[in-house]
Amino acid sequence: MIIDCHGHYTTVPAAQQEFRDAQLAALDDPTLPAPSPAEIGDDAIRESVEGNQLRILRERGGDLMLFSPRASSMAHHVPDPATARAWAATSNDLVARVVDLYPAHFAAVCQLPQTPGGALDDSVAELRRCVAAGFVGCNLNPDPSGGFWTSPPLTDEYWFPLYEAMVELDVPAMVHVSASCNPNFHALGAHYLNADTSAFMQFLEGDLFTRFPTLRFVIPHGGGAIPYHWGRYRGLAVRMGRPDPATLLSNVFFDTCVYHQPGIDLLTGVIPIENILFASEMLGAVRGTDPDTGVEWDDTKSYIDELGLAEEQRHQIFEQNARRVYPRLDARLRAAGR
């Protein structure tokens, strides 16, 4: 089967955004009442995915997508904890309803109610709530400030309460920032890739996986600049007296959200196949068709098909690695006879 490990609910019904707008309005004007979550019917949810993610998944030969709330809408830069809790919970509940309607095609990954510099108690509680409801992983924002990097590195003990819960629950996190509040960093073209690259460098500088040997992270968007500059990170490790970056690959994995053939060629030539998970992030950052090739930018399966991999290697990228990194997904699929 083909598992796409990186999809977001970018096509939520309009009522969900109206709820969010009302949340933000209430923050600006405390005299306004706190809004109630939007009432969204099953038909509206079906309409939002059947002509979009579900249609494209089927057309491209995919079987199942790990589905999480829209990354750019997580908006962790909004500092109010109560607002963050309500927004994460309603966003996750909406994803869960998609999974309930299409259990053969979607599995849920949750948004955490992070705030800049805020305690992680709410994130731990939401992770536990979601995993109890069948979610198989979470998205972790290393920079809730939205481009100003005010939080400690991912190797700092600030993050340990969340990591302890992740280890206990046996769920991985995809490192994924949200909107950029810094005009220097375009959200999709710079902020996302900066975060992917920075997270790996933080792991290289620290000893996180000595303390948490079973902790797992997926770095999306092909790992940002990491594969392209693998030699730089090897050289820096030598210079700093750190272990070779390859030693991180028991805990760190990369997805295939790279939107051209040379990029996929490089990714699979540098990073071991057992550390690469198939993903497209559709419908996400880059939509439309490459005018030079006629291939849709995010049709990443077509790029992998052109690699000439052995069947076992294709199986690793398309299915096996995702089932290994997301054991709760594997258990769910096995229970369904898949």
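In strand 5 (residues 173-175), Ala-173 is the bridge partner of Cys-138. This pairing is a good place to start in the model, which is predicted. Strand 4 and strand 5 run parallel to each other and are joined over 3 bridges. The route from one to the other passes through helix 6 (residues 160-169), and strand 4, helix 6 and strand 5 together form a right-handed β-α-β unit.

Strand 4 also has a partner in strand 3 (residues 106-111), again in the parallel sense and over 3 bridges. Here Val-109 finds its bridge partner in Gly-137 of strand 4. A right-handed β-α-β unit is made by strand 3, helix 5 (residues 121-132) and strand 4. Strand 4 therefore takes part in two such arrangements, one with helix 5 and one with helix 6.

What covers the two sides of strand 4 can be read from its residues, 137-140. In a regular strand, side chains alternate between the two faces of the sheet. Gly-137 and Asn-139 lie on one side of strand 4, Cys-138 and Leu-140 on the other, and all of them are buried, so both faces are covered. Two of these residues have already appeared above: Gly-137 as the bridge partner of Val-109, and Cys-138 as that of Ala-173.

Helix 10 (residues 261-270) offers another view of burial. Its buried residues are Gly-263, Ile-264, Leu-267 and Thr-268. Because they cover an arc of only 125° around the axis, these residues sit on the same side of helix 10. They pack against strand 7 (252-255), strand 8, helix 11 and helix 12 (311-325). On the face turned away from the buried side, helix 10 carries the exposed residues Pro-262 and Gly-269.

Turning to charged side chains, the structure holds 19 salt bridges. One of them joins Arg-55 and Glu-59, with an N to O distance of 3.1 Å. Both residues belong to helix 3 (residues 53-59), where they are 4 residues apart, about one turn of the helix. Arg-55 is partly exposed, at a relative accessible area of 36%, while Glu-59 counts as exposed at 57%.

A salt bridge within another helix is formed by Asp-330 and Arg-334, whose closest N and O atoms are 2.9 Å apart. These two residues lie in helix 13 (residues 327-335), and being 4 residues apart they are separated by about one helical turn. Asp-330 counts as buried, because its relative accessibility of 15% falls under 20%. Arg-334, in contrast, counts as exposed because its 57% is over 50%.

The salt bridge between Glu-296 and Arg-60 (3.2 Å, N to O) links distant parts of the chain, 236 residues apart. Glu-296 is found in the loop between strand 8 (276-277) and helix 11 (300-305), and Arg-60 in the loop between helix 3 and strand 2 (64-69). Glu-296 is partly exposed, with a relative accessible area of 37%, whereas Arg-60 counts as buried at 16%. Strand 8 and helix 11, which flank the loop of Glu-296, are also among the elements that the buried residues of helix 10 pack against.

Notes
Residues numbered from 1 in each chain as written. Predicted model: local features only at pLDDT ≥ 70, side-chain atom pairs only at ≥ 80, totals over all residues. Heavy atoms only, no water. Salt bridge = Lys/Arg side-chain N within 4 Å of Asp/Glu carboxyl O. Buried < 20%, exposed > 50% of the residue type's maximum accessible area, 1.4 Å probe, protein only. Pairing = 2+ DSSP bridges. Right-handed = clockwise from strand over helix to strand, strands pointing away. Arc of directions from axis to C-beta. Contact = heavy atoms within 4.5 Å.
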